[in-house]
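Q: I'm new to this one. Can you put it up and walk me through some features?

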Amino acid sequence: MRFLKSFRYAFRGIIYCINTERNMRIHTATALYVFVFSFFFHLTRAEYAVLFLTFAQVIAAELFNTVAEELSDFNAASFNPVVRIVKDMASGAVLINAVFAVAVGLCLFWRPAVFCGILRYFLADPLLLALLLAATAAAVFYIALGPLGIRDHLRKRKNGK
């Protein structure tokens, strides 16, 4: 039972980060798109392993960054130079992970012929193109508003405000 509770606590932390941190939403949306489009590239099992480790590294770094920010804000209500340094280092760790994730992406996906094939795939079927555009619009709303912001926006519309 305690083991299952630990999963619940972990997921609650991840959800909190998604709800409160725009960069976490950017990382999760990007990971989802990269994973979906990875099927066009016919990656090997080892390449998928590298891809999943890269996703995990960036998302975990963002979680640790949020931890550093929350603890810093909790301990120092006003400006403190040490808190600034801690926050800068934590966000620097996320930046390093994100930059190297882009490098991994370039190594795995830099195949211009496949990009042309993806473009032709979506242009050949207007329904798929419309679906892609709708999914992209949904991702933009997800990143900009977050799940709670979308929920609040829908409630306002439902209540006519």
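Q: Tyr121: buried, exposed or partly exposed?
A: Tyr121 counts as partly exposed, because its relative accessibility is 41%. Buried means under 20% relative accessible area, exposed over 50%, and partly exposed in between (1.4 Å probe, protein chains only). This is a predicted model: local features need pLDDT of at least 70, side-chain atom pairs count only at pLDDT 80 or more, and totals for chains, interfaces and linings use all residues. Residues are numbered from 1 along each chain as its sequence is written, and side-chain values use heavy atoms, with hydrogens and water left out.

Q: Which residues form one aromatic cluster with Tyr121?
A: Tyr33, Phe37, Phe40 and Phe122 join Tyr121 in that cluster. Rings of Phe, Tyr and Trp (its six-membered ring) pair if their centres lie within 6.5 Å; planes under 30 degrees apart count as stacked, over 60 as edge-to-face and the rest as tilted.

Q: How many aromatic pairs are there in the whole structure?
A: A search finds 16. One of them is Phe41 with Phe115: their ring centres are 5.6 Å apart and their planes are at 75°, so the pair is edge-to-face. That pair links distant parts of the chain, 74 residues apart. Phe41 is in the loop between H2 and H3, and Phe115 is in helix H5. Helices are DSSP runs (H or I, at least four residues), numbered from the N terminus.

Q: Is Phe41 buried or exposed?
A: Phe41 is buried, with a relative accessible area of 4%. Phe115 counts as partly exposed, at 38% relative accessibility.

Q: Which residues make up the largest nonpolar core?
A: It has 11 residues, including Phe41, Leu51, Leu108 and Phe122. Such a core is a set of buried Ala, Val, Leu, Ile, Met, Phe, Trp, Tyr and Cys residues joined through side-chain atoms within 4.5 Å.

Q: Which elements give two or more residues to this core?
A: Helices H2 (22-38), H3 (45-75), H4 (81-109) and H5 (112-124) do. H3 gives the largest share, three residues.

Q: New topic. How do the axes of H1 and H2 cross?
A: The axes of helix H1 (residues 2-20) and H2 come within 5 Å and cross at roughly 105°. H1 and H2 are therefore roughly perpendicular, a label for angles of 65 to 115 degrees.

Q: What is the phi of His42?
A: His42 has a positive phi of about 50°, although it is not a glycine. Most residues other than glycine have a negative phi. His42 counts as exposed, at 69% relative accessibility.

Terms used. Axes are lines fitted to C-alpha atoms, for helices over the stretch in contact, and angles run from 0 to 180 degrees between N-to-C directions. Angles under 35 degrees count as roughly parallel, over 145 as roughly antiparallel, 65 to 115 as roughly perpendicular and the rest as oblique.
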